[in-house]
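Work through the exercises below with the sequence and the coordinates open beside you, and try each task before reading its solution.

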There are 2 protein chains.
Amino acid sequence: MVNKNNFNVAVVGATGAVGKEMLKTLERLNFPVKSILPLSSKRSAGTKVVFRGEEIEVKEATPESFEGIDLALFSAGGSVSRSLAPEAVKRGAIVVDNTSAFRMDPEVPLVVPEVNPHHLDDHNGIISNPNCSTIQMVAALEPIREAFGLEKIIVSTYQAVSGAGADAIDEMYSQSKDVIEGKQTEASLLPVSGDKKHYQIAYNAIPQIDLFQDNGYTFEEMKMINETKKITGDNSLHVAATCVRLPIETGHSESVFFEISKEGISTEDIFSVLDKAEGVTLMDDPKEQLYPMAVDAAGKDDVFVGRIRKDLDNDKGFHCWIVSDNLLKGAALNSVQIAQALVKKGLLK
Amino acid sequence: MVNKNNFNVAVVGATGAVGKEMLKTLERLNFPVKSILPLSSKRSAGTKVVFRGEEIEVKEATPESFEGIDLALFSAGGSVSRSLAPEAVKRGAIVVDNTSAFRMDPEVPLVVPEVNPHHLDDHNGIISNPNCSTIQMVAALEPIREAFGLEKIIVSTYQAVSGAGADAIDEMYSQSKDVIEGKQTEASLLPVSGDKKHYQIAYNAIPQIDLFQDNGYTFEEMKMINETKKITGDNSLHVAATCVRLPIETGHSESVFFEISKEGISTEDIFSVLDKAEGVTLMDDPKEQLYPMAVDAAGKDDVFVGRIRKDLDNDKGFHCWIVSDNLLKGAALNSVQIAQALVKKGLLK
């Protein structure tokens with residue numbers, strides 16, 4: 001079998017915040033791209049994006065767009081993925097989908113390459129990229145789970161507006177300016193563009209990301225809960241999440257309590273596991289005020305972990321602070337890493 | 001015994017963010033003030049504050065300042081309280097201290113009037129006002145603890161910069177402006193004015209409030225842990241905290257997991273307890289996107305609770321979102337409410 005090692009790649013949603021990062025990441029990681037096809041909605045078609053120094057016109061995504069495509073990276077919303085991803089697969093492409101459309105489909109692997117690359121082996125054309133806040137959490141906790149077992153996670157998130165797209169960034173800065181100038185603010189997008197009410201994000205904390213479910217949890221919270229179980233393959237793992245949107249441009253932070261299975265494990269034991277973990281950077285030195293922060297993590301590939309300390313009442317309980325760029329490891333980078341893993345495994349050839 | 005019902009009141013730290021709110025709150029709640037004496041450091045002495053429409057010159061606080069004072073509200077830092085609060089008591093005043101100086105002193109009651117007013121009975125001249133993030137949490141959880149018992153709290157905070165004083169508010173807005181204008185930001189105060197390193201708070205999340213302790217927790221986190229046990233009088237209560245500073249002017253938010261003692265309690269049972277709780281406003285209707293937020297809580301007296309939902313794996317576990325104005329219930333209001341409780345009990349007369 002000849003590995004042609006050169007792929008026709010489509011990026012669906014190429015003009016969005018994540019789509020742009022996907023193009024940059026394919027280039028930066030030197031992914032073997034033969035041709036690049038940036039696709040978008042009808043509205044954005046005709047605009048241009050840059051890849052390897054060349055301006056390329058964005059085309060409207062249709063089922064026929066995927067003729068001859070080997071790999072399609074989707075990040076244009078769930079409904080686009082639901083209608084076009086199967087069309088891409090029908091035409092022979094492998095789809096890496098960054099929306100929630102197929103994540104909980106039992107036929108679709110949900111993959112963080114450092115955590116569960118073996119799930120790729122069973123793919124049926126579509127591979128889902130997990131939710132941004134899920135990815136960074138499982139990337140940091142999986143090495144601990146492997147070493148000491150994991151029983152329980154309680155996470156509270158501190159999520160950046162870029163997770164809601166480029167327009168949300170504009171809304172935040174525009175409101176900030178209005179507050180500084182003593183003007184009334186206007187909100188028309190956050191917390192959820194498709195929901196009824198919109199609230200000021202500047203100088204505020206909004207405890208809603210995505211729509212509310214009947215059980216009182218938001219969909220974002222249920223994604224963290226369900227996706228974590230699927231990625232780790234451990235349905236008995238207890239996961240609870242509270243997801244909060246904050247006036248931060250890029251970089252999700254997470255305050256995480258986790259309970260391991262093994263007794264007598266020290267903070268230093270956790271350090272030494274994370275120190276060796278792929279894609280994870282330990283930033284933990286209270287004496288030097290060293291801990292991860294969103295403004296430092298933005299633009300970087302790794303998942304940063306700090307503030308690791310033992311619970312004062314529970315020998316198996318620990319607390320930590322996990323930060324990562326939600327557009328990179330949380331989205332574009334993980335998608336390209338999935339594609340790299342597919343190539344490495346000979347599943348994309 | 002004649003209740004003179006008219007008190008000579010000193011406010012120490014009258015020019016600070018909390019001190020100003022103390023003056024406003026004494027006036028607004030119609031506390032029976034005969035005379036007001038605003039005190040400050042030498043540096044701020046000579047400036048003027050307004051009380052009941054009258055401009056009053058701020059005097060330098062000295063031991064002699066407290067001659068003839070019945071009630072002294074302190075909010076000028078721990079070292080000022082440590083040196084001057086005993087001097088005020090020596091001269092016959094009752095001190096309500098908003099610093100951490102005496103909070104864990106077994107001789108000093110630590111009081112949230114809705115929670116443990118009976119602790120006032122044993123005072124020896126000084127009563128401590130708890131830490132802002134502790135007050136709002138215990139105010140919301142105490143009615144639940146009384147009704148169903150309480151075993152465990154895991155809290156992650158979303159704290160406003162005004163908790164670090166008026167200069168921190170200026171630093172946040174100045175950095176925000178610089179970021180919007182594409183300039184370099186400067187940090188010289190946050191996260192902790194007395195610590196070695198300072199970080200940008202604008203568009204960031206800093207997982208450090210107050211200095212780090214040897215156990216890896218910050219002093220703010222240890223305050224929440226220890227003060228909660230002291231106020232509830234329950235040393236077996238498990239409390240864990242992660243405290244985070246955010247670019248929000250006023251209004252602390254808290255993501256709280258709590259585990260009650262009783263089995264089979266529903267979210268509706270929690271609702272009906274909080275609905276009747278003094279000083280607590282229930283704001284919880286996911287269908288209407290109703291939940292508390294910092295920008296709405298700022299300037300209001302109550303503790304607001306929403307996002308109440310049962311843990312999906314633990315029948316006794318619940319999650320909620322608690323928001324309050326850190327300068328009011330978190331500081332000035334609670335201090336004045338302590339003074340009101342002292343009057344009501346005949347302890348200040």
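Helices (H or I, at least four residues) and strands (E, at least two) are DSSP runs, numbered from the N terminus. This is a predicted model, in which local features need pLDDT of at least 70 and side-chain atom pairs count only at pLDDT 80 or more, while totals for chains, interfaces and linings use all residues. Residues are numbered from 1 along each chain as its sequence is written, chains are lettered from A and ligands numbered from 1 in the order in which they are written, and side-chain values use heavy atoms, with hydrogens and water left out.

**Exercise 1.** Relate the recorded domain of chain A to the domain assignment of that chain.

Solution. Begin with the record: an unreviewed UniProt entry lists residues 8–123 of chain A as "domain: Semialdehyde dehydrogenase NAD-binding", and such annotations, given in the numbering used here with shortened feature names, may be inferred rather than shown by experiment. Over residues 8–123 of chain A, helix accounts for 22% and strand for 27%, with 20 Å between the end C-alpha atoms. Next, take the assignment (bounds from an automatic or database domain assignment), which gives domain 1 as 7–129 + 331–344 and domain 2 as 134–326 in chain A. Taken over C-alpha atoms, the centres of these two domains of chain A are 25 Å apart. Their contact (heavy atoms within 4.5 Å) draws 19 residues from domain 1 of chain A and 16 residues from domain 2 of chain A.

**Exercise 2.** Decide whether the recorded "binding site" residues of chain A are gathered or spread out.

Solution. The unreviewed UniProt entry lists T15(A), G16(A), A17(A), V18(A), R43(A), S44(A), S162(A), G163(A) and N326(A). Because they span 312 residues in sequence and the farthest two C-alpha atoms are 25.5 Å apart, they do not all gather at one spot. One of them, G16(A), lies in the loop between β1 (7–12) and α1 (17–28) of chain A.

**Exercise 3.** Describe how α4(A) packs against α4(B).

Solution. Helix α4 (residues 166–180) of chain A meets helix α4 (residues 166–180) of chain B at an angle of about 130°, their axes being 10 Å apart; axes are lines fitted to C-alpha atoms, for helices over the stretch in contact, and angles run from 0 to 180 degrees between N-to-C directions. α4(A) is therefore oblique to α4(B), given that angles under 35 degrees count as roughly parallel, over 145 as roughly antiparallel, 65 to 115 as roughly perpendicular and the rest as oblique. The contact involves Y173, S176, K177, V179 and I180 of both α4(A) and α4(B).
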